[in-house]
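Subject: Structure handover

Dear colleague,

Please find the structure below, as agreed. My notes on it follow.

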Amino acid sequence: MRPSSLVLPLFVKEGISEPQPVPSMPGVVQHTRDSLRKAASEAVDAGVGGLILFGIPAAKDARGSSADDPGGIVQLALADLASEVGHDTVLMADLCLDEYTDHGHCGLLTAAGEVDNDATLDRYGSIAVAQAAAGAHVVAPSGMMDGQVAAIRTALDAAGHAEVAICAYSAKYASALYGPFRDAAECAPQFGDRSAYQQDPAAAKDGLREALLDIDEGADIVMVKPALAYLDVIAELAATVQLPVAAYQVSGEYSMVEAAAANGWLDRDRTIMETLTAISRAGADVILTYWAAEVARRLS
């Protein structure tokens with residue numbers, strides 16, 4: 001495990017004047033644009049390999065209009081980071097609609113309230129182009145829509161962004177470990193859940209099948225999320241595919257360790273390093289973790 005293999009997730013929120021702590025994720029905040037620049041510079045100085053940005057807009061609607069608005073919070077923040085650290089690290093942008101829709105689902109809805117996969121693909125293509133234009137080096141579609149990688153690759157290429165890579169959330173499971181993230185990104189579904197388009201945790205082979213489909217559609221990196229409960233999936237992907245494999249150590253994994261350590265039940269630093277070593281040992285080339293900057297400094 002090297003600092004350059006670590007990616008730090010960052011949240012930026014529109015309309016706040018100072019960073020807002022996330023109660024369920026000790027040490028994590030919703031940033032202002034100014035505090036985001038500072039945190040990004042500190043992470044780059046620590047040696048992290050990349051940053052992935054999540055946005056929380058001031059206004060949400062049914063189609064997630066701010067997700068591809070050039071004046072939307074993520075596009076503005078990406079432009080800030082591209083200017084500040086864009087030559088020194090890899091800038092990634094989460095590409096989804098759940099943070100931007102008033103219903104909290106990852107796609108557009110039909111009149112019956114079901115996610116409309118095909119209509120959502122058009123939105124994803126538009127979002128990818130907006131993020132690329134703002135300075136993203138990598139877009140990371142996390143919505144688990146069928147055909148999302150192909151739609152995004154086609155849109156990027158048509159808009160002259162052939163150099164922008166796609167990190168596909170290929171094996172994203174319907175996990176109980178996302179709860180704290182939904183607090184941080186303010187994106188909990190307003191009804192139902194996401195099990196219709198995320199993967200069944202018991203389906204051992206679906207992750208590999210989805211990754212191979214994403215590779216055929218043009219993915220440059222394939223990702224497993226969550227990480228610790230799916231080390232077998234990471235290992236199988238790493239042994240099968242020729243592309244880099246990423247793993248996301250998700251909010252629930254982070255918060256469990258922080259809470260147990262705060263109660264004196266775990267040695268915090270040793271547990272952090274052990275969990276990340278396990279993910280790396282399983283075969284992850286890239287690890288998204290909220291401890292990225294801290295661990296990069298320790299490794300350096």
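Met1 lies in the segment before strand β1. The model is a predicted one, and that applies to everything that follows. With a relative accessible area of 30%, Met1 is partly exposed. Leaving aside residues up to four places away in sequence, Met1 touches Leu6, Met273, Leu276, Thr277, Ser280, Ile287, Val295 and Leu299. Gly218 is another matter: Met1 and Gly218 are separated by 217 residues in sequence, and their C-alpha atoms are 27 Å apart in space.

Two of the residues that Met1 touches, Leu6 and Ile287, also stand opposite each other, with Ile287 in β10. This leads on to the strands.

Strand β1 covers residues 6-13, and 7 of its 8 residues are buried, so the strand is largely enclosed by the rest of the structure. Which strands pair with β1? There are three to report, β10, β4 and β3.

- β10 (residues 286-288) pairs with β1 in the parallel sense, over 2 bridges. Leu6 has Ile287 of β10 opposite.
- β4 (residues 50-56) is also parallel to β1, and 7 bridges connect the two. Pro9 has Ile52 as its bridge partner in β4.
- β3 (residues 29-31) runs parallel to β1 and is joined to it by 2 bridges. Here the bridge partner of Phe11 is Gln30.

When you look at the side chains of these strands, keep the usual pattern in mind: in a regular strand, side chains alternate between the two faces of the sheet.

Next, the cysteines. How many disulfides does a search of the whole structure find? The count is 0. Cys96 is in no disulfide, and the nearest cysteine sulfur, which belongs to Cys106, is 3.4 Å away. A disulfide requires the two sulfur atoms to be within 2.5 Å, so the pair does not count as one. Is Cys96 buried or exposed? Its relative accessibility is 1%, so Cys96 counts as buried.

Cys167 is likewise in no disulfide. For Cys167 the nearest cysteine sulfur is that of Cys96, 13 Å away. Cys167 is buried, because its relative accessible area is 1%.

To recap for your records: the search found 0 disulfides, Met1 is partly exposed, and β1 is largely enclosed by the rest of the structure.

Regards

How values were computed: Residues numbered from 1 in each chain as written. Predicted model: local features only at pLDDT ≥ 70, side-chain atom pairs only at ≥ 80, totals over all residues. Heavy atoms only, no water. Buried < 20%, exposed > 50% of the residue type's maximum accessible area, 1.4 Å probe, protein only. Helix = DSSP H or I, 4+ residues; strand = E, 2+ residues; numbered from the N terminus. Pairing = 2+ DSSP bridges. Contact = heavy atoms within 4.5 Å.
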